[in-house]
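Below is a set of questions and answers for a reader who is new to this structure. Please look at the structure before reading on.

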Amino acid sequence: MSKTQERLELAAKAVTEACRALVKQVKTITTKQMQEEDVDYKGMAVLEFKRREMEQQVEILRLEKELNAARHRLGAMRRAGYHTDETE
């Protein structure tokens, strides 16, 4: 085998391992999220409930900010696409 072929195979193995690690991490996060969904809010202490409620509000605001930024990027892409279509 050539050195290029060997390096390519090593790179492929590295990508495979990285993909396995990513899948493992996603499964861990998904499991954690599912466990968090099974919380008994009625039996929770008032301070803990308020803390979680505020954390949830912060998360919603962060996601809304990301959504607005994505919409802005999409609008810019579409405007650029229209401009490209007109010039061709």
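Q: How far apart are the mean positions of the positive and negative charges of the chain?
A: The model is a predicted one. In this chain 17 positive and 16 negative charges are counted. Taking the mean position of each set, the separation comes to 4 Å.

Q: How many helices and how many strands does the chain have?
A: Helix 1 covers residues 3–37, and helix 2 covers residues 46–87. Strands number 0, and the helices number 2.

Q: Why is the chain described as more spread out than a compact globule?
A: For 88 residues the globule rule gives 12 Å. The C-alpha atoms fill a box of roughly 65 × 50 × 15 Å along the principal axes. The chain counts as more spread out than a compact globule because its radius of gyration is well over the value of the rule, at 23 Å.

Q: What share of the 88 residues is buried?
A: A residue is buried when its relative accessible area is under 20%. The chain exposes about 8,500 Å², with carbon and sulfur atoms supplying 60% of that area. Of the 88 residues, the buried share is 1%.

Q: Is alanine 21 buried, partly exposed or exposed?
A: Alanine 21 is part of helix 1. Its relative accessibility is 46%, and the class between 20% and 50% is the partly exposed one. Alanine 21 is therefore partly exposed.

Q: What distance separates the C-alpha atoms of alanine 21 and lysine 65?
A: Along the chain, alanine 21 and lysine 65 are 44 residues apart. In space, their C-alpha atoms are separated by 29 Å.

Q: Which residue forms a salt bridge with arginine 20?
A: The partner lies in helix 1, as arginine 20 does, and the two are 3 residues apart, about one turn of the helix. Arginine 20 has a relative accessible area of 53% and is exposed, while the partner, at 46%, is partly exposed. The closest N and O atoms are 2.8 Å apart, within the 4 Å cut-off. The partner is glutamate 17.

Q: What is the N to O distance in the salt bridge of arginine 51 and glutamate 48?
A: Arginine 51 and glutamate 48 are 3 residues apart in helix 2, so about one helical turn separates them. Arginine 51 is partly exposed at 37% relative accessibility, and glutamate 48 is partly exposed at 26%. Their side chains meet in a salt bridge with an N to O distance of 2.5 Å.

Q: Which residue does the side chain of arginine 62 meet in a salt bridge?
A: Arginine 62 and its partner are 4 residues apart in helix 2, about one helical turn. Arginine 62 is partly exposed, with a relative accessible area of 40%, and the partner is partly exposed at 43%. The N to O distance is 2.3 Å, and the partner is glutamate 66.

Q: Which residues do salt bridges that share partners join into one network?
A: The count of salt bridges comes to 7. One of them is the bridge of arginine 51 and glutamate 48. Through shared partners, the network joins Glu48, Arg51, Arg52 and Glu55.

Q: How is the aromatic pair of tyrosine 41 and phenylalanine 49 classed?
A: The structure holds 1 aromatic pair. The ring centres of tyrosine 41 and phenylalanine 49 are 6.3 Å apart, with 80° between the planes. Planes over 60 degrees apart give the class of this pair, so the class is edge-to-face.

Q: What relative accessibility does phenylalanine 49 have?
A: Tyrosine 41, its partner in the aromatic pair, is partly exposed at 42% relative accessibility. Phenylalanine 49 also counts as partly exposed, and its relative accessibility is 33%.

Terms used:
Residues are numbered from 1 along each chain as its sequence is written. This is a predicted model: local features need pLDDT of at least 70, side-chain atom pairs count only at pLDDT 80 or more; totals for chains, interfaces and linings use all residues. Side-chain values use heavy atoms; hydrogens and water are left out. The radius of gyration is taken over C-alpha atoms; the globule rule is 2.2 Å times the number of residues to the power 0.38. Buried means under 20% relative accessible area, exposed over 50%, partly exposed in between (1.4 Å probe, protein chains only). Accessible areas come from the Shrake-Rupley method with a 1.4 Å probe; for residues, only the protein chains shown count as cover. Lys and Arg count as positive and Asp and Glu as negative; His and the chain ends are not counted. The place of a charge is taken as NZ of Lys, CZ of Arg, CG of Asp or CD of Glu. Rings of Phe, Tyr and Trp (its six-membered ring) pair if their centres lie within 6.5 Å; planes under 30 degrees apart count as stacked, over 60 as edge-to-face and the rest as tilted.
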